[in-house]
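Here are a few exercises to work through with the model open beside you. Try each task before you read its solution.

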Amino acid sequence: MTALIDTLSWVLLTLGGLAVLIGGIGALRMPDLYTRMHAASVTDSMGAILVLVGIMLQAGWSLATIKLIAILLFLLLTSPTSSYALASAALLAGKRPFAETQQDEEEMK
Amino acid sequence: MIVIFGIFLLTLLVITAIAIVRTDNLFVAVMLMGIASLLIAANFFLLDAADVALTEAAVGAGISTVLFLSALALTSERERAKSSNRVLSFIVVAAAALIIIYATFDKPRFGDPEAPVQTHVGPWYLEKTPEYIDIPNVVTAVLGSFRGYDTLGEVFVVFTAGIGVLFLLGGGAAAGSLPQEKINEGLRHHLIPRVVGRVLIPFILLFGLYVQFHGEYGPGGGFQAGAIIAASVILFALLEGEKRALSVVPERALLGLIACGPLLYGAVGVAGIVLGGNFLDYSVLSSDPVKGQQLGILLIEAGVGISVTGVLLAIFHAFAARGR
């Protein structure tokens with residue numbers, strides 16, 4: 001049983017690490033702010049959930065698990081909110097999505 | 001393994017520092033400074049200095065970023081064009097860096113058991129804390145009791161800094177005279193941040209109180225708790241507008257808090273003299289010296305928390321009042 005939980009936890013941690021890596025690559029490679037945020041949100045959602053659940057399995061039933069659940073809830077509430085605030089601030093500041101600007105350029109040609 | 005993590009974090013820190021120097025966009029520099037603080041906090045945590053890590057994360061990455069941003073709202077986003085005398089400044093910086101690097105040769109190696117920090121008063125604190133004060137967190141014991149004078153000095157530094165900033169910025173005295181409702185509303189039209197903020201703010205406050213009063217058992221204490229509580233009120237001000245935040249915690253109350261913290265701390269010290277001990281000797285506060293020590297630490301930590309909350313909030317409101 002312990003070996004099973006340990007294996008499961010490591011699988012989750014590795015997958016979480018992969019999600020963070022993908023989010024990081026996406027944040028570097030995407031063409032504009034909105035698509036970058038979209039890529040980075042993989043880090044916030046999948047990355048955070050997988051890694052924290054992986055650590056929870058390592059911690060077992062203890063106070064640490066409850067704290068980890070609290071952290072996870074806090075992250076799940078705050079990261080979409082901050083993404084929303086960032087995106088709407090960018091939109092208010094007049095940053096336009098990449099696809100739209102490209103379309104305009106094609107029309108100009 | 002920890003050494004590898006430490007080197008990794010410090011490398012990232014150096015990269016961030018170079019990026020801060022190189023960028024001429026002040027907004028980017030502020031964000032990078034938040035990242036730098038977070039990296040330092042992670043590094044402190046690796047070195048088992050959880051109390052310092054908590055302070056650095058709350059103050060460095062949290063509050064000071066907000067304060068820098070509110071300062072930026074008063075000025076331009078771009079750095080002014082550099083003056084011509086770059087050679088001279090480069091020579092000065094290079095000389096200072098060489099002196100610092102030379103000084104590090106005399107430092108003991110990382111984790112050296114013969115280092116002064118391990119052989120001087122450190123072991124004595126670790127040995128005597130259970131006997132004299134009987135709380136699990138030795139950091140709080142050192143900060144509150146053994147080194148009570150230093151912490152009193154820190155509180156007065158915070159107090160003086162707060163007063164200085166209020167003098168420079170005019171203390172928000174002009175706040176009442178400019179009824180510009182529109183800027184004053186915060187993010188009231190944005191439903192999502194508002195709802196989430198409303199859900200979170202009570203818990204952030206609760207966490208601040210936990211950090212304040214759990215400081216004797218785990219990482220935490222007045223400085224961290226003050227920063228967290230101030231952060232929750234600043235979040236409220238950002239979401240609901242300055243005005244509502246000021247009606248919750250008015251300016252006069254903030255000035256009272258700023259004065260109250262050092263006063264409470266000093267009063268605990270004077271109470272020690274009155275009850276026949278030394279200044280800041282908490283043992284005489286109760287019939288049982290250990291209980292007295294614990295009571296004294298609780299009181300002075302409350303003083304620290306009150307004054308940090310008051311100063312941070314007053315500085316934030318002063319910046320916001322200038323922006324109007």
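**Exercise 1. A helix of chain B**

How many residues does helix α8 of chain B have, and what distance does α8 reach from its first C-alpha to its last? Then work out how its buried and exposed residues are arranged.

*Solution.* Keep in mind that this is a predicted model.

Step 1: α8(B) runs over residues 148–169, which gives 22 residues. From first to last C-alpha the helix reaches 32 Å, close to the 32 Å expected at 1.5 Å a residue.

Step 2: Look for residues with 20 or more other C-beta atoms within 10 Å of their own, the cut-off for being buried. In α8(B) these are B:G148, B:T151, B:L152, B:V155, B:V158, B:F159, B:G162, B:L166 and B:L169.

Step 3: Because these residues cover an arc of only 135 degrees around the axis, they are on the same side of α8(B).

Step 4: Turn to the other side of the helix, where the exposed residues include B:Y149, B:D150, B:V157, B:T160 and B:F167.

Step 5: Go just past the end of α8(B), and you meet B:G170 with a positive phi of about 80 degrees.

**Exercise 2. The overall form of chain A**

Which elements make up chain A, and in what order do they run from the N terminus? Decide next how the chain compares with a compact globule.

*Solution.* Step 1: Chain A has 4 helices and 0 strands, so its elements read α-α-α-α from the N terminus on. The radius of gyration is 18 Å, well over the 13 Å that the globule rule gives for 109 residues, so chain A is more spread out than a compact globule.

Step 2: Check the dimensions: the C-alpha trace spans about 65 × 25 × 15 Å along its principal axes.

Step 3: Add the burial, with 13% of the 109 residues of chain A counted as buried.

Step 4: Finally, take the contacts between residues at least 6 apart in sequence; 60% of them join residues at least 24 apart.

**Exercise 3. A loop residue**

Where in chain A is A:R96 placed, and is it buried or partly exposed?

*Solution.* Step 1: A:R96 sits in the loop between α3 (63–92) and α4 (98–108) of chain A.

Step 2: A:R96 counts as partly exposed because it has 13 C-beta neighbours inside 10 Å.

Step 3: A:R96 and A:D32 are 64 residues apart in sequence, with 8.8 Å from C-alpha to C-alpha.

**Exercise 4. Where the chains meet**

How many residues of chain B are in contact with chain A?

*Solution.* Step 1: Chain B brings 6 residues into contact with 5 residues of chain A.

Step 2: On the chain B side, these divide into 5 nonpolar, 1 polar and no charged.

How values were computed:
Residues are numbered from 1 along each chain as its sequence is written. Chains are lettered from A and ligands numbered from 1 in the order in which they are written. This is a predicted model: local features need pLDDT of at least 70, side-chain atom pairs count only at pLDDT 80 or more; totals for chains, interfaces and linings use all residues. Helices (H or I, at least four residues) and strands (E, at least two) are DSSP runs, numbered from the N terminus. The radius of gyration is taken over C-alpha atoms; the globule rule is 2.2 Å times the number of residues to the power 0.38. A residue is buried if 20 or more other C-beta atoms lie within 10 Å of its own, exposed if 12 or fewer, and partly exposed in between; C-beta atoms are placed from the backbone. Two residues are in contact if their C-beta atoms, placed from the backbone, lie within 7 Å. Ala, Val, Leu, Ile, Met, Phe, Trp, Tyr, Cys and Pro count as nonpolar, Asp, Glu, Lys and Arg as charged, and the others, Gly among them, as polar. The expected span of a helix is 1.5 Å times one less than its number of residues. The arc is that of the directions from the helix axis to the C-beta atoms.
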